[in-house]
Structure formats: structure tokens, C-alpha cells
Amino acid sequence: MDKISETDGENATTNISELNMTPILLAAVLGFIIMAIILILRRRSLGRRDFLLTGLTESGKSAIFMQILHNKFPNTLTSITENLGEYRSGRMSGRLIDIPGHYRVRDKCFDQYKRSAKGIIFVVDSVTVQKEVRDVADALYSVLTDASTQSCPVLVLCNKQDLSTAKSAHVIRSVLEKELNIVRVTRSRKLQSVGEDDPSKSVFLGKDGKDFEFSHVQQNVQFFESSAKENQLNNLSDWIDRML
């Protein structure tokens with residue numbers, strides 16, 4: 001009996017020593033890598049908590065800012081510096097930043113906050129959009145091609161829908177697609193002149209060789225209608241709430 005027990009013990013020791021440890025080590029390494037990726041993504045998500053209101057001057061950005069944060073509609077309000085406020089929904093919160101629309105300060109201010117942006121609200125004046133379509137498209141082009149905002153969902157908010165001459169979101173989307181197709185051509189040379197290692201380099205808008213469509217861009221771009229004056233901003237607040 002003693003001899004049998006000794007033999008069994010020797011066989012068990014031999015089986016353990018011959019066990020291939022490679023799959024176990026690979027599984028441990030893979031698990032470590034997955035955990036590291038999750039932590040990195042979580043940190044990036046926590047680092048981005050800003051929602052940027054941008055667009056041309058007099059599109060209604062500041063009025064939207066006041067309505068959604070303070071439930072007030074200002075009679076006149078033209079911003080020359082950014083407005084910041086805490087947006088809360090239940091236990092969740094984010095920071096809403098109203099970026100001035102004047103071209104001399106808009107780009108500089110946008111650059112200051114774009115790396116902390118979780119979502120971008122591009123506000124359009126639905127009444128004057130066709131008259132100002134080149135300027136609107138040019139400003140939107142800068143947002144959509146910025147390398148720092150490729151992970152940010154973009155909401156094109158067609159404001160001032162309370163006015164009878166306002167264009168619908170469907171019409172504005174179509175008008176902007178056609179104009180962005182032109183802007184892309186006129187600004188493509190600037191893209192080609194930027195070095196590959198330049199962190200501020202723009203990305204190509206849409207698909208090369210095809211007419212521009214919003215469905216071609218990397219960001220999730222949606223169009224909603226709104227009226228800051230009538231406090232019709234449910235689409236905006238719902239959009240923000242989904243990302244908090």
C-alpha cells in the first residue's frame with residue numbers, strides 16, 4: 001500500500017511539472033491589458049464633461065444658455081467672453097459653456113475648451129441661415145474637422161423656430177451639406193500643407209471623391225429644432241442627459 005501511495009504521489013508531481021503554463025500566463029496578461037484599457041477609457045470619459053455651445057453671433061446661444069440653466073430668456077445678450085454654468089440632471093452633471101460667436105474670439109475660445117468637450121452644440125439661426133450659409137458652413141467645418149473633437153457627438157440645433165420664416169431642420173441639413181461640399185474644396189489645400197505630426201492638423205471631411213453628407217463623418221451628427229424664446233429646448237436637454 002505504501003508503494004502504491006508513493007507512486008501516485010510521484011505521478012501527481014510529474015503531471016504538475018509538465019503542465020503548460022503558457023495559456024495561463026497569456027490569460028493573465030490579457031486580463032491586465034483589458035483592465036488597463038477600461039481604466040484609460042474611464043479616465044478619458046471623466047476628463048471630458050463640457051458641452052460647448054458654439055455657432056455664429058446672434059444665433060441664440062446665450063439665450064439658450066440662460067433658458068436651460070436659469071429658465072430665463074434675456075431680451076438682449078451679446079457675449080464677448082464665454083459663459084460657464086453647471087448643468088444638472090438628477091445626480092449627474094456637466095458643464096455648459098457658451099462660446100462667443102464673433103469670429104475674432106470664437107476660434108480662440110473653442111480651442112481653449114475643445115479637449116474637455118463631451119458634446120458640441122452648434123447653434124444655427126433658422127431664419128438667416130441661407131443668407132449666412134457660407135459663414136455658417138465655414139464655422140461648422142472647423143468643428144467637424146478638428147482632430148481633438150472626433151470623439152464628440154455634434155448636435156446642430158436649428159434655433160428660432162418660433163418665427164414664421166424659420167427653415168426646418170431638414171432644409172438646413174440639406175443646405176449645409178451642399179455648402180460644406182464647396183468649403184471642403186476651398187480649404188483642402190490648407191489641410192495638405194499641414195505636417196503629419198502636427199497635433200492641430202485637421203482631418204478630411206467626409207469621404208474622398210464623394211459629395212459631402214453628414215452620414216460620412218466620424219462624429220454622430222444630429223439635427224434638432226428649438227426655440228429659446230419659447231423655451232422649446234427638450235430635444236437639447238434630452239440629448240445632453242443621454243451623455244451624462
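1. Disulfides. In this predicted model, the number of disulfides comes to 0, where a pair of cysteine sulfur atoms would have to lie within 2.5 Å to be counted as one. Two cysteines can be placed with respect to the surface: Cys109 has a relative accessible area of 6%, and Cys158 has a relative accessible area of 0%, so Cys109 is buried and Cys158 is buried as well, given that the term applies under 20%.

2. Sheet order and edges. The sheet is open and holds 6 strands, arranged in the order 2-3-1-4-5-6 with mixed pairing. Because strand 2 (83–89) and strand 6 (221–225) each have a single partner strand, they stand at the edges, and one side of each is left without a neighbour in the sheet. From one strand to the next, the twist averages 25 degrees.

3. The pairing of strands 4 and 5. Strand 4, which covers residues 117–125, runs parallel to strand 5, residues 154–159, and the two are joined by 6 bridges. One of the pairs that can be named is that of Asp125, whose bridge partner in strand 5 is Asn159.

4. Helices on the sheet. Helix 7 (residues 234–243) packs on the sheet and touches strand 1, strand 2, strand 3, strand 4, strand 5 and strand 6, while its direction makes about 145 degrees with that of strand 6. Helix 4 (residues 103–113) lies across strand 1 (50–55), strand 2, strand 3 (92–98) and strand 4, and the angle at which helix 4 runs to strand 1 is about 165 degrees.

Notes:
Residues numbered from 1 in each chain as written. Predicted model: local features only at pLDDT ≥ 70, side-chain atom pairs only at ≥ 80, totals over all residues. Heavy atoms only, no water. Pairing = 2+ DSSP bridges. Helix = DSSP H or I, 4+ residues; strand = E, 2+ residues; numbered from the N terminus. Axes fitted to C-alpha atoms, helices over the stretch in contact; angles between N-to-C directions. Contact = heavy atoms within 4.5 Å. Buried < 20%, exposed > 50% of the residue type's maximum accessible area, 1.4 Å probe, protein only.
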